[in-house]
Amino acid sequence: MSTPINVSTQMAYSEGARRSNQSDALFDMLTSAIMAGRIRPGEKLNEPALADEFGVSRAPVREALRRLQEKGLVTHVAHQGVRVISPTLEDFLSLLDVREALEGMACRLAATAMTDVEFEKLAAIVERHGEGLHSDPEGPYVQNDFDNDFHVRIAMGCRNPVLTGLLCEQFYPRLKLCRSRHGLLKGRGLAAWKEHRRILAALVERDGDVAEILMRRHIRAAREALLATGPS
C-alpha cells in the first residue's frame with residue numbers, strides 16, 4: 001500500500017511549482033526587454049516594483065533576477081541593488097576573443113554533425129538575409145530572430161550540449177547586449193553576409209577544418225572592425 005502524500009507537503013510542492021512558472025515567465029520577459037533595449041544598460045531593476053508590476057510575490061522576482069545575474073545580464077551593486085550591465089568596449093572585445101575559439105570549434109563539429117536538411121534550412125536563412133542586405137548595402141546585418149540566426153543554428157547543430165549551452169545561454173545574450181550598447185558597424189553587414197556564405201559552403205562540403213578557419217576569420221574581422229571604430 002502506497003504511503004499517502006501529506007497535504008501540507010503537496011500544497012508546498014504546488015506553491016513551489018507555481019512560483020517556478022512565474023519565475024520562468026519573468027525571466028523570459030526581462031531577458032527579452034533587456035535584449036530589445038526596453039530596459040537600458042545601467043538601469044536598476046527594483047524587486048518590489050517588479051513584483052507590483054507583474055502582480056506576483058517577491059520570491060519569483062528574486063529567482064528571475066538571480067538567473068539574469070548568472071547569465072551575465074545584470075549585476076548586483078552594493079548599496080544600489082540589481083542593475084543591467086553596461087558593457088565596455090573592452091568587455092565586448094574580450095567576449096569576441098573567446099567567441100572566436102568556441103564558434104570555431106562549433107563550426108568544425110557542425111560540419112559532420114548537421115544533416116543535409118539542416119544545411120538546406122541554413123542556406124535558405126543566409127539567402128533571406130542577403131536579400132535585405134542587397135537592398136541596403138551599407139546597412140547593418142541584423143538578426144533579431146534567435147531561431148533563425150546563422151550562428152545560433154550552427155551552435156545548435158554542433159551536437160555538443162556543453163558547447164551549445166555556453167554559446168546560446170551565456171555568450172549570445174551578452175553579445176547582443178554589447179551590440180545594443182556600442183552599436184552595429186556601418187558597412188560591415190554585407191561583408192559579414194559574404195563571410196557567412198563562405199562558411200556555409202565549407203559546411204556543406206563537410207570540411208570541418210576549413211569551416212573552423214573561416215568562422216575564426218569571420219569573428220576576427222568583426223573584432224577588427226569594432227576596434228577601428230575607436231572607444232565608445
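A pocket, as the word is used in these legends, is an open set of grid points with protein on both sides within 12 Å along at least five of seven lines, and its lining residues have an atom within 4 Å of a point.

**View 1. Lining of the second largest pocket in the predicted model.** About 160 Å³ of space lies in this second largest pocket. Its lining is made up of Lys44, Leu45, Asn46, Glu47, Arg62, Leu65, Arg66, Gln69, His76, Gly81 and Val82.

**View 2. Elements that supply the lining of the second largest pocket.** Strand β1 (44-45), helix α3 (58-70) and strand β3 (81-84) each contribute at least two residues to the lining. With four residues, α3 gives the largest share of this lining.

**View 3. Helix α4 (residues 89-113) and its kink at Arg99.** The end C-alpha atoms of this helix of 25 residues are 35 Å apart, which agrees with the 36 Å that it should span at 1.5 Å a residue. Helix α4 nevertheless carries a kink of about 30°, and this kink is centred on Arg99.

**View 4. The chain that surrounds these details.** The secondary structure comprises nine helices and three strands, which follow one another along the sequence in the pattern α-β-α-α-β-β-α-α-α-α-α-α. Of the 232 residues, 40% count as buried, while the chain exposes about 12800 Å², with 53% of this area supplied by carbon and sulfur atoms. Among the contacts in the chain with a separation of 6 or more, 75% are accounted for by residues 24 or more positions apart.

Definitions and conventions: Residues numbered from 1 in each chain as written. Predicted model: local features only at pLDDT ≥ 70, side-chain atom pairs only at ≥ 80, totals over all residues. Heavy atoms only, no water. Buried < 20%, exposed > 50% of the residue type's maximum accessible area, 1.4 Å probe, protein only. Contact = heavy atoms within 4.5 Å. Areas by Shrake-Rupley, 256 points an atom, 1.4 Å probe, with all protein chains shown as cover. Expected span 1.5 Å × (residues − 1). Bend = angle between axes of the 7 residues up to and from the residue. 1 Å grid on protein atoms, 1.4 Å probe; cavity = no way out; pocket = protein on both sides within 12 Å on 5 of 7 lines; lining within 4 Å. Points joined across faces, edges and corners; volume = space filled by probe spheres on them.
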